[in-house]
Amino acid sequence: GIGSLAGDLTNTTVRNVQSRHVTILGGPGTGGLIGRISGATSKIDNSSVVQGSIQADCTSYLTTGYNVGGLVGAIPGTTNISGSFADLSIQSIGCERTGGLIGAIAGAVEVKNSYSLSAIISDDISVGGLVGYLQDTTLTNTFSTRSVFSTNNINVGGLVGHNVSGNTFNNSYYDKDRSGRTDTGKGITRTTKQLIETLQAN
């Protein structure tokens, strides 16, 4: 994996880390902060990536490339995320599972009080404003505000791209005006004005 802090972490706590002015050129498993994090005791708290860009190109690989995220590329399971965000420009070419905060999550993960201000341009499937591919995960108090665009319209969403199974959504929203998405069942749709009012109320 590729990330401004680390490519691959296991059973690690990442706390109070902010990465600024990043320019990341990567492929599969690229995150603004961490490429891939796993392990039952791993957690990310109060950390962010702001002001910069990710350009991920998976087209030159023999097999399909996956997992590009503004904060983390991939979380295979049991890592909790809290109080964290990403604010980047993300361009993902030939990479499945691209998210403004996390590319893909698969299993027993909670993401809370976290958000994405990242804008995404992709040409592949499973693209989400917050998470590209989501399975067995609880999202609590999360939101995404920026544009989510893919020329391949399979499993593309304002908050979550591919809502696989076993997911719970609590107070999780996306901006339908800015994202250009209108999908339902995987995050609550809000206009820009409504989202601002909702966030101010909380």
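This passage describes the overall dimensions, the strand pairing and one partly exposed residue of a predicted model.

In this predicted model, the secondary structure of the protein chain comprises two helices and 21 strands. The C-alpha trace extends over about 40 × 35 × 35 Å along its principal axes. The radius of gyration of the protein chain is 15 Å, which agrees with the value near 17 Å that a compact globule of 202 residues would have. Of these 202 residues, 52% count as buried, and among the contacts that join residues at least 6 apart in sequence, 76% are made between residues at least 24 apart. The area exposed by the protein chain amounts to about 8200 Å², of which carbon and sulfur atoms supply 46%. With regard to charge, the mean position of the 13 positive charges and that of the 13 negative charges lie 6 Å apart.

Five of the strands form an open sheet in the order 4-8-12-15-18, in which the pairing is parallel. Strand 4 (30–31) and strand 18 (156–157) stand at the edges of this sheet, and because each has a single partner strand, one side of each is left without a neighbour in the sheet. The partner of strand 4 in the order given is strand 8 (residues 65–69), and these two strands pair in the parallel sense over two bridges; in this pairing, Gly 31 has Gly 69 of strand 8 as its bridge partner.

Parallel pairing is also found among strands 11, 14 and 17. Strand 11 (residues 85–93) pairs with strand 14 (residues 119–122) over four bridges in the parallel sense, and strand 14 in turn pairs with strand 17 (residues 148–150) over three bridges, likewise in the parallel sense. Ser 122 has a place in both pairings, since it stands opposite Ser 92 and has Ser 150 of strand 17 as its bridge partner.

A further strand, strand 13 (residues 102–116), contains Ala 106. With a relative accessibility of 34%, which falls between the limits of 20% for buried and 50% for exposed residues, Ala 106 therefore counts as partly exposed. When residues up to four places away in sequence are not counted, Ala 106 touches Ile 75, Pro 76, Gly 77 and Gln 135. The C-alpha atoms of Ala 106 and Val 131, two residues that are 25 residues apart in sequence, are separated by 11 Å in space.

How values were computed: Residues are numbered from 1 along each chain as its sequence is written. This is a predicted model: local features need pLDDT of at least 70, side-chain atom pairs count only at pLDDT 80 or more; totals for chains, interfaces and linings use all residues. Side-chain values use heavy atoms; hydrogens and water are left out. Two strands pair if DSSP finds at least two bridges between them. The radius of gyration is taken over C-alpha atoms; the globule rule is 2.2 Å times the number of residues to the power 0.38. Buried means under 20% relative accessible area, exposed over 50%, partly exposed in between (1.4 Å probe, protein chains only). Contact means heavy atoms within 4.5 Å. Accessible areas come from the Shrake-Rupley method with a 1.4 Å probe; for residues, only the protein chains shown count as cover. Lys and Arg count as positive and Asp and Glu as negative; His and the chain ends are not counted. The place of a charge is taken as NZ of Lys, CZ of Arg, CG of Asp or CD of Glu.
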